[in-house]
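Here are my notes on this one, in the order I'd go through them. Have the structure open while you read.

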Amino acid sequence: MYGSSTQYKNWTFKDEHELTALRTQANRDFIEKFSKNTGMTAEERKQHFLTAEEERLMVHAYEYSLRDFCKKFRDPRDGRIRMLPSVTTTAQHYFKRFYLYNSVMDYHPKEILVTCVYLACKIEEFYVTINDFVHNVRGDKRKAAEIILNNELQLTQELQFHLIIHQPYRPVEGLLIDIKTRFPRLRDPERLRPYIEEFLEKVNLTDAILLYAPGQIALAAVTTAVSKLGEYLDHYVTDILFPAEQKQHLPVLIEAVRKVKKMVKSAEPVLSDTAKRELESKLERCRNQQNNPNSSQYRANYSEWDDDDLPIAASPYTDDLTMGGVERLRSPPAY
């Protein structure tokens with residue numbers, strides 16, 4: 001199924017250089033658009049706008065924030081309910097995809113982050129109302145809901161409406177079942193699960209999910225887990241998983257698994273709070289104010305709509321949050 005999916009055809013890339021080129025182009029396009037006719041020199045542009053590298057660092061920092069948000073998520077009606085790992089993985093895919101073609105200076109990552117998670121909840125059938133969802137967001141709940149609802153269509157469009165994400169969890173289960181059945185030499189494969197989960201959490205913070213198939217990532221997770229226990233799966237992979245008639249595919253798989261492991265092992269640590277604050281401070285000075293919910297330009301764009309032409313929506317809130325609710329859903333000017 002993965003081989004015929006939109007994920008494979010449109011969102012699996014050749015190498016890291018291709019990803020870097022896309023991100024650099026998104027940065028360049030924004031700077032050219034918003035510095036046009038300003039008379040800025042190249043040095044002034046560098047000082048005023050975020051560079052492509054600074055954008056990459058900021059996106060990476062917010063990938064950690066996305067992971068932590070999902071880990072801490074609680075249903076306000078039942079605190080025992082936790083966010084599914086599949087929701088986190090899908091949201092990570094959406095977040096990475098969005099910033100391949102968009103600049104953080106155009107759309108702030110803290111707003112796209114929660115929108116990605118909310119959309120992922122829908123796609124992964126993790127039912128949560130907007131009211132319950134924003135209960136987990138710090139600050140003004142009503143404003144958070146407005147931002148999410150206004151950004152949802154924009155996010156979906158930027159994802160080209162390709163919303164189904166093939167994840168490594170199912171291939172992992174298939175591998176564990178196969179190991180139990182055909183490779184009894186490995187005692188109690190269930191011991192591998194904590195290490196597999198740790199690996200899959202880390203891989204979501206790298207670009208591996210945009211470069212390699214879920215099955216390749218799954219095998220990298222399983223073999224890494226086995227090695228942590230001081231055991232080996234070499235015979236299983238080379239002789240059982242790939243019998244003689246399929247040996248021609250083995251070198252490609254081994255190389256992919258090796259690269260995935262290397263990317264996880266060399267993954268950048270989370271950005272320091274000081275460095276993140278500096279980047280956010282610079283971002284506030286150069287971001288597109290038309291997409292800034294705190295700006296007068298953003299609100300002025302809403303007032304340009306004829307209220308009679310706007311769809312009326314029932315309030316998504318309940319009285320327990322004592323909010324007036326969103327009476328009208330408006331689309332930002334970028335739609």
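1. A cut-off to start with: a residue counts as exposed when its relative accessible area is over 50%, as buried when that area is under 20%, and as partly exposed in between. Keep in mind, too, that this is a predicted model.

2. With that in hand, take Phe161. Its relative accessible area is 53%, so Phe161 falls in the exposed class. You'll find Phe161 in the loop that links helix 8 (141-158) to helix 9 (169-182). The backbone deserves a look as well: phi of Phe161 is near 60°, a positive value in a residue that isn't glycine. As a reminder, most residues other than glycine have a negative phi.

3. Asp188 also has a positive phi without being glycine, here near 45°. Asp188 sits in the loop between helix 9 and helix 10 (193-203). Is Asp188 buried or exposed? Neither label fits, because its relative accessibility is 40%, which makes Asp188 partly exposed.

4. Now the inside. The largest nonpolar core has 46 residues, and the members that touch the most others are Phe95, Met105, Val117 and Phe133. Helices that each give at least two residues to this core include helix 2 (16-35), helix 4 (52-72), helix 5 (85-101) and helix 14 (273-286). Helix 6 (109-123) is on that list as well, and with nine residues helix 6 makes the largest contribution to the core.

5. Which residues does Phe133 touch, leaving aside those up to four places away in sequence? They are Phe69, Phe73, Val114, Val117, Tyr118, Cys121, Val128 and Ile148. There is also a second core, separate from the one above, with 40 residues, among them Ile179, Leu219, Val237 and Val264.

6. Helix 10 has buried residues at Ile196, Phe199, Leu200 and Val203. Looking down the axis of helix 10, these buried residues fit within an arc of 95°, so they line one face of the helix. The general background: an α-helix has 3.6 residues a turn, so residues three or four places apart point the same way. As for what covers the buried residues of helix 10, that includes helix 9, helix 11 (214-228) and helix 13 (250-265).

7. Last, the start of the chain. Ser5 comes in the segment before helix 1 (6-11). Ser5 is buried, because its relative accessible area is 8%. The Ser5 side chain reaches the backbone oxygen of Tyr2 at 2.6 Å.

Key. Residues numbered from 1 in each chain as written. Predicted model: local features only at pLDDT ≥ 70, side-chain atom pairs only at ≥ 80, totals over all residues. Heavy atoms only, no water. Helix = DSSP H or I, 4+ residues; strand = E, 2+ residues; numbered from the N terminus. Buried < 20%, exposed > 50% of the residue type's maximum accessible area, 1.4 Å probe, protein only. Core = buried A, V, L, I, M, F, W, Y, C linked by side-chain atoms within 4.5 Å. Contact = heavy atoms within 4.5 Å. Polar contact = N/O pair within 3.5 Å; in protein donor to acceptor, adjacent residues only side chain to side chain. Arc of directions from axis to C-beta.
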